[in-house]
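Visitor: I have a structure to look at for class. Can we go through it together?
Guide: Yes, here it is.

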Amino acid sequence: ADEFNPCEDIAGFGFLRVAIWFINILAIAGNLTVLLVFFTSRNKLTVPRFLMCQLAFADLCIGVYLLMIATVDVRTRGRYSQHAIEWQTGPGCSTAGFLSVFGGELSVYTLSTITLERWHTITNALQVERQLVLKQAAAIMAAGWLVCLGMGMLPLVGVSSYTKVSMCLPMDIETPLAQAFIIIILLFNVGAFIVVCVCYVLIYLAVKNPEFPGRGADTRIAKRMAVLIFTDFLCMAPISFFALQ
């Protein structure tokens with residue numbers, strides 16, 4: 001037993017157990033609603049709407065992952081050690097781990113893409129021919145899907161492992177290859193955050209420029225996206241911080 005492999009409960013204490021259920025229900029219900037609204041809407045599918053669909057799907061994967069962990073916590077409450085090997089070496093833990101890595105990294109990738117799209121759109125407000133079109137956005141996201149699927153699949157084929165801890169995260173660092181995998185994920189997240197910060201500084205400077213052509217709609221979308229993106233990264237920052245310890 002240790003901090004990541006408890007004897008009694010995965011959640012550890014009551015407040016965390018309630019919080020996991022609260023978050024996963026909100027994540028699943030909220031993101032399913034977003035996807036439903038977009039798929040049933042008669043409005044034209046624009047690049048921002050397409051990217052928001054991608055983000056909602058990525059965050060839905062995280063919600064499903066949390067639901068799986070919360071369900072196992074309730075099912076094994078008070079006697080987790082009796083079920084630890086069955087859970088951590090079974091298909092359920094591998095599926096949960098894949099969803100956590102794939103969903104988390106796809107979310108980070110999509111947030112960065114949304115930020116870059118807003119920066120590109122605002123700074124090229126008068127050059128319509130340079131605006132990102134749906135076909136280009138789809139190609140960018142296809143590349144992101146391949147990268148994130150690869151990250152999620154690597155622990156399933158022996159690079160690190162989802163079976164090391166009860167939360168089914170790739171925390172196996174016993175081999176140089178596994179250590180390199182974790183470092184790559186951390187660098188990917190840190191790099192994405194730097195890109196987001198730089199882009200929003202550039203967006204702010206462009207909007208404040210008196211010669212900047214007024215594009216009220218683009219600026220309002222950028223402000224809304226900024227709130228979404230930075231709150232998401234605030235949630236991810238503690239994970240990256242503790243992973244570096």
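Visitor: How much area does the chain expose, and what share of it do carbon and sulfur atoms supply?
Guide: About 13600 Å² is exposed, and 71% of that comes from carbon and sulfur atoms. Accessible areas are from the Shrake-Rupley method with a 1.4 Å probe; for residues, only the protein chains shown count as cover. This is a predicted model, where local features need pLDDT of at least 70 and side-chain atom pairs count only at pLDDT 80 or more, while totals for chains, interfaces and linings use all residues. Residues are numbered from 1 along each chain as its sequence is written, and side-chain values use heavy atoms, with hydrogens and water left out.

Visitor: How many helices and strands are there?
Guide: The chain has seven helices and zero strands. These are DSSP runs, numbered from the N terminus: helices are H or I with at least four residues, strands E with at least two.

Visitor: New topic: where is Gln 88?
Guide: Gln 88 belongs to helix 3, which covers residues 84-88.

Visitor: Is Gln 88 buried or exposed?
Guide: Gln 88 is buried, because its relative accessible area is 8%. Buried means under 20%, exposed over 50%, and partly exposed in between (1.4 Å probe, protein chains only).

Visitor: What does Gln 88 touch?
Guide: Leaving out residues up to four places away in sequence, its contacts include Asn 5, Tyr 80 and Lys 164. Contact means heavy atoms within 4.5 Å.

Visitor: How many residues apart are Gln 88 and Lys 164 along the chain?
Guide: They are 76 residues apart, with C-alpha atoms separated by 7.3 Å.
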